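Trainee: I have a structure on screen and want to read its contacts. Can you walk me through them?

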Amino acid sequence: MNNFNKIPIHDSSLRHSTGQAVYIDDMPEQENLLHAAPILSKIACGKIININSDKLNNLPFFTKVITAKDIPGENEIGPIKNGEPVLADDYISYLGQPIGIVLAETHQEAIYATSLVEIETEITTKPILNLDDAFKQKSFLENPMILEKGNVESDMAKSNYKLSGDFEIGGQDHFYLETHVAMTLPGENEEYVVWSSTQHPTEVQHGVGKVLNIPSAKIDSKVRRLGGGFGGKESQATIFAAMSALGAHITLRPVKIRLNRDHDMTASGKRHNFKVYFNIGFTAAGKILALDIKLLSNGGNVLDLSGPVMTRALTHLDNCYFIKSLKAVGYVCKTNTVSNTAFRGFGGPQGMLTIENILFSVSQYLNKPVDEIREINYYSRLNGLKTPYGQIVKNPRIEKVLSEIYKLSDYKKRIRDIKQFNLNQKINNLPFRKGIALMPAKFGISFNKPSLNQGGALVHVYSDGSIRLNHGGTEMGQGLFIKVAQVVAECFKVPVEQIHITSTNTAEVPNTSATAASSGSDLNGMAAWNASNIIKNRMIDHAAKLFKKNKKDIVFNDGRIICGNKSLSFSELAFSCWESRISLSSTGYYKTPKIFWDQNKLKGHPYFYFTWGAAVSEALLDINTGESRILRADIVQDCGNSLNENIDIGQIEGGFIQGLGWLTCEELCFSQEGKLLTTGPSTYKLPGSRDIPKAFKVKLLENADNEEKTIFRSKAVGEPPLLLAISHFLALKEAIKASSEGSKPEMLNSPATPSEILRVLRY
Amino acid sequence: MADLKNTIFVNSKKVEVNNVHHDITLLDWLRNHHRMTGTKEGCAEGDCGACSVIIDENGSGSSRPINSCLIRLGQVMGRSVTTIEGVGCVKNPHPLQIAFTNEHASQCGYCTPGFIMSGISLLNSNKKITDETINDAISGNLCRCTGYSPIIKAIKSVAKNRITQNNSQSINKIKKITLGNVTYLKPSNLKELKKHLDEIKSFQFLAGGTDLNLQRPIINQKEDKIICLGSIVELNKITHLKEKIVLGGGVTIESFLEAVRLKMPELVEILQRFGSPQIRNQGTVGGNLCTSSPIGDIAPILLVLNSDLNVFGRNGSKKINIKNFFKGYRKNVLQKDEIISSVEIPFANKKNKIFSWKLSKRYDQDISTVSLAINIQTHKNIIKELHLAAGGVAAIPKMLDNLSNQMLEKKIDDAIQFAIDNLEQYIQPISDLRGSSHYRLEAIKGLFRRLQTCLIQNKNSLSIMDF
């Protein structure tokens, strides 16, 4: 969407590049501010016998220790279920769990003081640290979730070809550049202003209220911007916001908590690692008849959002394929590791990698190209359009994205070129192999829980014609604020610079949903559109009176309000409205239509619409060392009628690279005691600038207006591109396949580190 | 905490240092004492680059990017520092800042100031602006949002209008500074160093500090002395001789890289992959050897080139061969009062081929899982001379003399096959977070296969980065 024929840039970009954008740790500090640091457990499970902080008394500076016993309200911040304490009370359930906080006058003093607090513990049981152990011991956080369609038993029996297997899918740290941070300012009459780096200010408000035993109305939860979120600050930001509020409540001083990187990585959740066991029945051509599958996810010590993450994994393991009979059981395993949480894609990537891995295995078994297997299994009128969870895929855009990606990537020619390359390498006794893979992706848009699909906005027009915009969404770099500002500017037909963007604040728009599930612009854009239109209609009424004409003769255009040959500037009309005592302020509200969901049966219509995409990746492998890289990537992504093409392309490129990290170099390592060993960028390697494809083409699907009535017929973009990185994982498998006769690429687990690749090559 | 009044030039302005803790980092001082919050903390371990600033190079007039989280204020006294605030502001932005905006090179924006500082450093240098030099310049900066493409484009887009500026006004003549309970001594030559060594019993050496400052004590009650080696002229010298190159122990890795770029091209890749520009500008040759990590970064290549180390201490100087330097996990032969004053790296025999390979999870800014350095001479496909050293396979960077002796006088193919078949007898690597023992063995075998191909097909490089 253009605003006055140009696509707006991110509203904060010049402040980003000059260092003038203010993050929470950059805000001015009140003179009596205290800094908090968490005291973390050193065992993975056991009882707390005693907390001894006597050593702090000898320090030459102020310290104060706060533990669960000091909590005035409930020690509880579970976003879905209870049983999730802010601070461990008498039982520790993972290594690194916060047991208390220390307050001091500087950040360094607070951190140092935590090392002097002695925690006496008793190890009661052996910690559960991996998925198979949890499964064997029936250690679950939820009842098994069963998604069933057709009759797997009979269709499996009827299948001429059967295959079974298992594989692992690694977790991923969010590694937002700004670690968790929160600052609480106490006011009179038990009022609190909580600034926190959160994707969910309302949940922070609720969590703080519960912990302090204070009603929501007394708590303003705010955030201007996050230094990255990616899901890691959806539910988990509340833990740290609650700690700062607790400190402020007890000391009646402002309290800030900013986690060091190693504390952040140790004590905050990550993408769920999965283990998958499958049996599949299929025809000689590779058509899937029956799929019987078991998904184990690592929920960690408490549930957090693991239930919905599993739901999305289950509802995305069909990807673009019609599966006649399916039985998929999701087990959310309880382990003694940090509670895993939302991460861009929210189970979708694990679900989609699952089916893509399985199709690859089928293609290996039948010795056919995997594209042929895909071809005959796509959702189509012929095969069927009903998903395993009951929703009909009304207008699949599979063919459309495929024909675009073939063109963009020159796929078929490159398959031949790569075959030749591999042959030459073999003949010349050289160690390099290439692989190329294509992958389509379908992603469902809406929170699976219908009640979360609502958004609110608050728009003020001032008598000077300037417009102040506030809504429930948070800005974490994804460009939501500029997109919503564009919507408001389009409504009033004024330049987007005239819209003043403000911090997310529960005092302005209450009862918001998390900025998550890619839904930010769908929900808040529509709410802001509604708020703006309410004001605009009042202005039209007034203009009609001024011009003594009908309402339909009033046109907003180019910053002016025109009626025949007369016109007023927007600010003149705004001033005139004020003089005539017309309200120029309105809230706006939106709820997503058409969706319903039965969480027990896992059936319904959970997604308002689907986004579609496709990618082709080319991988290069050194069979001597297991080193690999991506040489080229081509992407076509369906953004509907894009609200902002530049922002959307940024989401696609960045999401894809983040997906590459998940599948290749990002590896979480734990000690046998359950201690996370990769707690900083020196040991946890996310992609650097040389890890991106040398040739990288991204194209938005053309003429792709959303068939549903979304804001300007646009589509969500935040999460879907991340899943397209699976194409690189598949390309690596193709390269392994080309390494030698009898290679076993289907054994490849993620992440495909050099070590993992060499394991498969040397098997 | 009464301190001597000292100054640092920040963005060309004199700033007095008052009331600071002795081991405060430049980053914390900028952010907490002066609320210059454009410089960000992303990791506090020198691996993300969000805290990058530009600092003058110990009075030489040129300036380079470093990680402000890894340098103590005591090391910065009297020097001049440029932060993001000194580059430009919304009302008066630098062309690179405008380019970042035009190319959509920021999303969450938290890493952006660091990238701007790295980009400015490149633009201010005399390097050609290519994909290669840009990637190298930003190899110490992590971005989690954009996927880097727009950042690379933005830097490239201003290459045409480069403005070389240098506003370094270092005075750098401070010889003693007290911060809190700690006194930083900055001798300017070995004679002054000797005097300190004779007079002071308890002290700690500090070179670049990229390793030591990671482990800095947060709160230290007792009085302490730190001897900074950065200003000692002899330690910063690079001497090119006919048969060798002599690097002062205080020469930064980046200067090492520049010094050998033409004369010892086989060292370039391993040095280019050493940390990041920010780390290489601060870390020193002597410091890297003295940390004596089993990985050793530059150690394996110095081992196979048969380098000598000149040691300086209270009792004078001596020379030891690097093979006799490492004693155990992070242990070496130096006494508490001894430093490496210089490293003598002989040029290899012209008939020899030198290889130095590193394997890691990520190409740039990663610590090797294993590394292998090779100095080899063959004649008619027979191995005539061979020196092998490996990193990441034992408690120290290890010469594999027993193995190489077995490979001598054998045909290349047979010798390599011997190494592959018998490797387990010569190295017993451990499993850790960088890789399993199995992987380390298999990877070294893979590097032997690479060696085989390089020798037989006469190739200097066989890397996925060649594509």
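Mentor: Start between the chains. In this predicted model, 65 residues of chain B are in contact with 70 residues of chain A.

Trainee: Which elements give two or more residues to the side of chain B that touches chain A?

Mentor: Look for helices and strands on that side. Here they are α3 (95–102), α4 (112–124), α6 (149–157) and α15 (437–456) of chain B. The largest share, 8 residues, comes from α15(B).

Trainee: How do the residues of that side of chain B divide into nonpolar, polar and charged?

Mentor: Sort them by class. The side of chain B that touches chain A has 32 nonpolar, 22 polar and 11 charged residues.

Trainee: Is a residue count the usual way to give the size of an interface?

Mentor: There is another way. The size is often given as the accessible area lost when the parts come together.

Trainee: Now inside one chain. What does the domain assignment of chain A give?

Mentor: Read each domain as a set of segments. Domain 1 is 32–125 + 174–267, and domain 2 is 138–168 + 272–345 + 355–379. Domain 3 is 394–447 + 605–763, and domain 4 is 454–591.

Trainee: How many Å separate the centres of domain 2 and domain 3 of chain A?

Mentor: Taken over C-alpha atoms, 19 Å. Their contact takes 17 residues from domain 2 of chain A and 22 residues from domain 3 of chain A.

Trainee: Which element gives the largest share of the domain 2 side?

Mentor: α9(A), with 4 residues. Two elements of chain A give two or more residues there: β8 (161–169) and α9 (348–366). That side of domain 2 divides into 5 nonpolar, 8 polar and 4 charged residues.

Notes
Residues are numbered from 1 along each chain as its sequence is written. Chains are lettered from A and ligands numbered from 1 in the order in which they are written. This is a predicted model: local features need pLDDT of at least 70, side-chain atom pairs count only at pLDDT 80 or more; totals for chains, interfaces and linings use all residues. Domain bounds come from an automatic or database domain assignment. Two residues are in contact if their C-beta atoms, placed from the backbone, lie within 7 Å. Ala, Val, Leu, Ile, Met, Phe, Trp, Tyr, Cys and Pro count as nonpolar, Asp, Glu, Lys and Arg as charged, and the others, Gly among them, as polar.
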